[in-house]
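Let's look at a structure together and ask how its descriptions are earned. Each reply will set a value beside the rule behind it.

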Amino acid sequence: MSSVAVTPSPTPFIPAATRRRFLRRNVWGASIYGVLVLLLIVEKIVHPGLEAFDFQTLVIETMPLAFAAMAQASVVLVGGIDLSIGQMMALVNVVGATYLVNADLKQAILASLAIIAGTAVLGALTGLVITVSRVPDIIVTLATSFIWYGLALHVMSTPGGGVGSTEFSDLVNGEIGTWLPEGVVVVAAVLLVVWLPWYRSKLGLSVYALGSDRTAAFLSGVRVARTRIAAYALGGVFAALAGLALLCETLQGDPNSASNFTLNSVAAVVLGGVSLAGGRGGMLGPVAAAFVLNIIGAIMGFLKVNPNYAVVIQGAIVVLVVLLAATLTLRRRT
Amino acid sequence: MSLLVVRDLARRFGAVVALRSANLAVEPGEIHALLGANGAGKSTLVKILTGVIRPDSGTISLNDRVQDFHTPSQAQRAGIAAVFQDPALVPDLTLAENLRLTDVDATAVRRWLELMELAVDFGEIVADMPLAVLRMLDLARALAREPQILILDEITAALPSDLAERVFLVMREWRERGHAVLFITHRLREVRAVCDRATVLRDGHDVGTLIPSEAGEAAIVDLMLGPAAQGMPGQAAVVDRAAIGGGPRSDTLVLEARDISVGTEVHGVSLAIRAGEIVGVAALEGQGQEELFDALAGRRRRDAGQMLVEGRTLDPRTPFDAIHAGVVLVPADRVQALLPQRSVRENIALPLHNEVREWGPINVPKEGSRIGDAIRRLQIDTRAQRQARRLSGGNQQKVTIARWIANGFKALLLFDPTRGIDVGTKRQIHLLLRQLAGEGAAILFFTSELAEVQLACDRVLVMYEGRFVAEMPAADADEAALLHAMHGLVGTEGAA
């Protein structure tokens, strides 16, 4: 019940079961895209003047959360959870703002790659601490969130810095065609270049196996520690992309800019059909869910709902959707 | 030259010594049984042999080379493949993905499945398959690894007899090819039928190796239970049913079901159990027995029919409702029923809190005395009582029964309670059931081990495709008659 285009793995066997499996694994992922389309229609109704500009704004505003959701999903799929994603984004945000402020496109890309490599290492370290200490993920990542936040404050205590290269920030803010923002292409490219090979690899299979049943995976010869560490490293990669996307959106470094993203990423993951117990779900669902969460906010904006109530309604919608999905899943099991 | 030699293997878990000093030699081309009562150390030995845990001391050698396994994959590479009690297939992956995960060749698996006459869809998600099939798949996967030693840990415990026969077929095939099988089971008849030699463990030691076909079941049981148990009730090898006594004590109907239907699994089943009566249920895997028990115990809503407890209608929505009305369930999966991290006492006291006092603090002395009684009555081994998960399987099952004894009940539903439990504990449980019945309880008892029907029950209902197709008094319910009925080979329609 997850990724829509990414799923089919090489199974040259009986098609009936493949179809059943595909449906079972993708029904949620497909429905969240249905919800997304539905909400776009609703938005068009409440705001008839909806045009490419509004769509692009939506994409720009959603990209940080989309990547944060992917970071969270990487970790949740293996059976963990990462409460430090927002603070990791903040750290990336301020480090990026410091080094990118006077950089041209080439330098900016190099610096970004260095930052991504750095957060991958930080993620791997987090995973290492979790596997070695056997302290639950939720506690270790809560602790690391303070570390990342402290480091971010150390780098930049008040908002500042920025992005020197407009070509670089246009990766988030730019557009290729009228209805085709560059951000959509970037997200799709990341899914294709980073997630798809991972999903198809033995490592990806091990991640799903471990999240599904740790004992069975261990008995199947899965390298438990290695796989968990790798999942956290991948989470670090996505968290860096999220932080950089946030930087490109705001064009300013701010250590306090990203604290909401941790729990929003969890919401997107749950809404995107990833089981919090691990082993079930994919990446396309959470990405769509990130869009859904932001579009709800946009619709409220157009309806001129008091922003305070808007947050309440947004939360209620998440609960309702998850409740609905849970009842459907339960009914199928019994 | 022995294929596998185990010398002085020892392992402790905290204060509990699971394995003291175990020795074992397995030759190529033999089926070797590993026997022992619950807690004798069989599972620990298997886990060490398969690299799941490491021993504190002692050695394992394979083909005269000393091995030190740190992970299951190392043991697999060295030529040891195992099928564990719980199938080691990852539930959310398809079978094909599971095979890819373990680097096992799908064609080889397919060949073994063909030999076992099983048609399986490799694209199906494992969680959607029935447990019995998963065991066979696990077996086929283990064989496809071409192990020198195939370890089967209680593989037949939850298998219907026709599938068990196919397992034996494959075991013999593996022996013919010059490899070895290490077979762990509690069913002594299976040992005599398929095993060439048997090593018996007791209290973490190996206490003897014998040839089952020559030694006989009685000798094996004596070895398993040891001299300490001689003369104690509950150790006898061949249970004399007359000694148990039995039969309904009164005509009061305690539990009655009329035309109960559940989903597509149970179709209009009726039964009536009197006070003091133990009614057996026999069926092949998946004939609706599980759904019937779940419906009676309030774990699942029935779709049609009526249920009466002492003449009063009961429509349990949850187990809480059923327990309040006095209908309690002992499931096969002990871990499902227990709080594994909590103490034995707390586990027994759990449903008590429903009744003793709804509000306010728990009456500790009163609770304590009732629990103490239950523990003594069931002879629960409380060495590891701080955490229920550390108990052996047999003792865990005793705790789930003790819970209901402390709580009190009218009708007791037991769903395969003795699965994977040694003969001594089984015998204790049979005696206990008889005592409980004597005190006026009505007992419904499903068992996958047909011999138990005659040992413990007054009469038996045979279920086939969601219906009771036969009823017979225990005296007539020998295995041949039961098997016949369980496969639906009876002329009469409906029963009970």
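Q: Why is helix α8 (residues 202-212) of chain A described as largely enclosed by the rest of the structure?
A: In this predicted model, nine of the eleven residues of α8(A) are buried, so the helix is largely enclosed by the rest of the structure.

Q: What makes a residue such as A:L205 of α8(A) count as buried?
A: A residue is called buried if 20 or more other C-beta atoms lie within 10 Å of its own. A:L205 is listed as buried in α8(A), so it meets that cut-off. Others on the list include A:G204, A:Y208 and A:S212.

Q: What covers the buried residues of α8(A)?
A: The cover includes α2 (52-77), α7 (182-200), α9 (214-219) and α10 (224-250) of chain A, together with α3 of chain B.

Q: How do you know that chain B is in contact with chain A, and how many residues take part?
A: Residues are in contact if their C-beta atoms lie within 7 Å. By that rule, 22 residues of chain B are in contact with 23 residues of chain A. On the chain B side, α3(B) gives the most, with four residues. That side divides into twelve nonpolar, five polar and five charged residues.

Q: Which domains does the assignment give for chain B, and how many residues of each join their contact?
A: The assignment gives domain 1 (4-229) and domain 2 (241-486). Their contact takes 19 residues from domain 1 of chain B and 20 residues from domain 2 of chain B. Helix α9 (residues 217-225) of chain B gives the most to the domain 1 side, with three residues.

Terms used
Residues are numbered from 1 along each chain as its sequence is written. Chains are lettered from A and ligands numbered from 1 in the order in which they are written. This is a predicted model: local features need pLDDT of at least 70, side-chain atom pairs count only at pLDDT 80 or more; totals for chains, interfaces and linings use all residues. Domain bounds come from an automatic or database domain assignment. Two residues are in contact if their C-beta atoms, placed from the backbone, lie within 7 Å. Helices (H or I, at least four residues) and strands (E, at least two) are DSSP runs, numbered from the N terminus. Ala, Val, Leu, Ile, Met, Phe, Trp, Tyr, Cys and Pro count as nonpolar, Asp, Glu, Lys and Arg as charged, and the others, Gly among them, as polar. A residue is buried if 20 or more other C-beta atoms lie within 10 Å of its own, exposed if 12 or fewer, and partly exposed in between; C-beta atoms are placed from the backbone.
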